[in-house]
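This report goes through selected local features of a single protein chain, from strand pairing to cores, helix packing and unusual backbone geometry. Please keep the sequence and the structure in view while reading.

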Amino acid sequence: MLSTFLTRFNVPLLWLFLFLISAGSTSCAATQPPNVLFIIADQWRAEAMGYNGNPDVKTPHLDHLQSESVDFVNAVSSVPVCSPTRASLMTGQRALTHGVFVNDVPLSPKAITLSKVLHQAGYDTACIGKWHLDGHGRSQFIPRERRQNFDYWKVLECTHQYNNSFYFADLPFKLKWDGYDVFAQTHDASQYLRNHSHAKKPFFLYLSWGPPHDPYQTAPATYRSQYQAAKIKTRLNVPPGMRASAQTNLAGYYSHCTAIDSCVGTLLQTLKDTGLETNTLVIFTSDHGDMLHSHGLVKKQHPFDESIRVPLLMRWPAGLGTQPRKLDAPFNSPDFMPTILGLCGAPVPNTVEGIDYSAYLQGDVNPSDGATLISCPVPFGEYSRQHGGREYRGIRTTRYTYVRDLNGPWLLFDNLEDPAQMDNLVGQPECAQLEEDLEKILLQKLAEANDQFLPGQAYLDRWGYKLNANGIIPYTP
């Protein structure tokens, strides 16, 4: 029967053989879910990358990763501070929905999270490094029922003592990372990859590093010696009187970045050596940025690009290819969960509020409208009221930043013409129509999010949180 078909339609046997092999291999690749290596650094702003045109910072391995990745050039942190961002990427929800809109409060153990859904979809799940979603003290044991279905667990809630860093595994006994914790955590993650190189189940490995978050001058000496503060260029928006301090801090900050970059190189090499490279989705990002004296400000929570914009690279050779692509959709913290689940072929729960960009990553149309929300529901800690903090809501589009506080319009920047955000266009007559248009978009976004933009105390009262005299949620060290 087959020979009759070949003869009648003049189909060479070799061609048919090659077609069947090709069809079979494509089907296999299309149905095989990827492994996921999710790497998140703390407080790494998007600008501090060699591939983003920064001539001072040395990031050769991340530059190489970017050359084979999809690069979301407008990725932002929805609430640019640690716990809120991490809760949003885990749940796919906005901060006022999951309730983690300040640091050191718990994400509900009943939350529907990325790790739980992937676990239910047949993934092995692993978490190494910083968590900051438990809310029961920064150095306390986290029992299994509060781990969001992570199987493998070597975690501490939060520490910034990178050379004296502890963690817990399955038992309530404190263990210590050897030396600079980024290196030790990377070694552990690499071993996890090797151990799963021939596993029948895919894995989701969430690797969370503490640097380049301050203290800045604590990277290994080998990396600190690569930077001389006096030679570092500061951004145009750093006031002249702060440039020396900014240079000193940037030298330390960049030394952490370069140390982390070397660890990215280690992980990429491990994937290659173990044969995991082709079908592993590698994600590199950060929870928020760092002002580092731009506009005379420090740390995070501010609505400026140094605080809200984060790096975001995604590489999956089997599913996305390795040709570099830059996508301008404003990717936000709640978008991680649905996008990853979409790429993994797992169901997206109806609790998710973020956008699924998985089809867009694979060549489909952009599902966003070109604008995304940024906010500070409650100013706290380093951005508390005594430090000039204020509630705000805003939008970041592919071109503009528009922000209002409780008193009305506050900031408007054309990020194409004014990338350092030094010319505030709010109230300028020639920009009145632009301001009106952006205000309409913001109001629409707030309505879609059911965000009434209330004073921060209203949300603290609603969730039963109390700030202390220092403007933070009290926590056990």
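In which sense, parallel or antiparallel, do strand β8 and β9 pair, and over how many bridges? In this predicted model, strand β8 (residues 280-286) pairs with β9 in the antiparallel sense, and the pairing extends over 4 bridges. Within that pairing, Phe 284 stands opposite Leu 313 in β9. Strand β2 (residues 70-72) also runs antiparallel to β9, to which it is joined by 2 bridges, and here Asp 71 is the residue that stands opposite Leu 313.

In a regular strand, the side chains alternate between the two faces of the sheet. For strand β9 (residues 312-315) both faces are covered, since Leu 312 and Met 314 on one side are buried, as are Leu 313 and Arg 315 on the other.

A further group of strands lies later in the chain, where 4 strands form an open sheet with antiparallel pairing in the order β11-β12-β13-β14. Its edge strands, each pairing on one side only, are β11 (371-376) and β14 (408-414), and the twist from one strand to the next averages 15 degrees. Strand β11 is joined by 6 bridges to the antiparallel strand β12 (residues 392-397), with Leu 373 standing opposite Ile 395 in β12.

In soluble globular proteins, nonpolar side chains tend to be buried together. The largest nonpolar core in this model has 58 residues, and those with the most contacts inside it are Val 36, Phe 38, Phe 72, Trp 131, Phe 204, Tyr 206 and Ile 283. Helix α12 (residues 336-344) contributes the largest share of this core, namely 6 residues. Beyond its neighbours within four places in sequence, Phe 204 is in contact with residues including Val 36, Phe 38, Leu 114, Tyr 123 and Phe 150. A second, separate core has 47 residues, among them Tyr 167, Leu 193, Ile 232 and Leu 276.

Leu 193 also takes part in a contact between helices, made by residues of α7 that include Val 182, Phe 183 and Leu 193 and by residues of α9 that include Ile 260, Cys 263 and Leu 271. The axes of helix α7 (residues 181-195) and helix α9 (residues 243-274) come within 10 Å and cross at roughly 10 degrees, and because this crossing angle is under 35 degrees, α7 counts as roughly parallel to α9. By class, the contact of α7 with α9 comprises 9 nonpolar, 6 polar and 1 charged residues.

The backbone also has some less regular points, of which two cis peptide bonds are set out below.

| Cis peptide bond | Omega | Place of the second residue |
|---|---|---|
| Pro 211 to Pro 212 | about 5 degrees | Pro 212: strand β7 (residues 203-212) |
| Asp 214 to Pro 215 | near 10 degrees | Pro 215: loop between β7 and α8 (221-224) |

Positive phi values in residues other than glycine occur at His 132, where phi is near 60 degrees, and at Phe 453, where phi is near 50 degrees. His 132 is found in the loop between β3 (124-130) and β4 (152-156), whereas Phe 453 is placed in the loop between α14 (432-448) and α15 (456-463).

Are these two loop residues, His 132 and Phe 453, buried or exposed? His 132 is buried, with a relative accessible area of 2%, and Phe 453, at 13% relative accessibility, likewise counts as buried because its value falls under 20%.

Conventions
Residues numbered from 1 in each chain as written. Predicted model: local features only at pLDDT ≥ 70, side-chain atom pairs only at ≥ 80, totals over all residues. Heavy atoms only, no water. Pairing = 2+ DSSP bridges. Axes fitted to C-alpha atoms, helices over the stretch in contact; angles between N-to-C directions. Core = buried A, V, L, I, M, F, W, Y, C linked by side-chain atoms within 4.5 Å. Buried < 20%, exposed > 50% of the residue type's maximum accessible area, 1.4 Å probe, protein only. Contact = heavy atoms within 4.5 Å. Parallel < 35°, antiparallel > 145°, perpendicular 65-115°, else oblique. Nonpolar A, V, L, I, M, F, W, Y, C, P; charged D, E, K, R; others polar.
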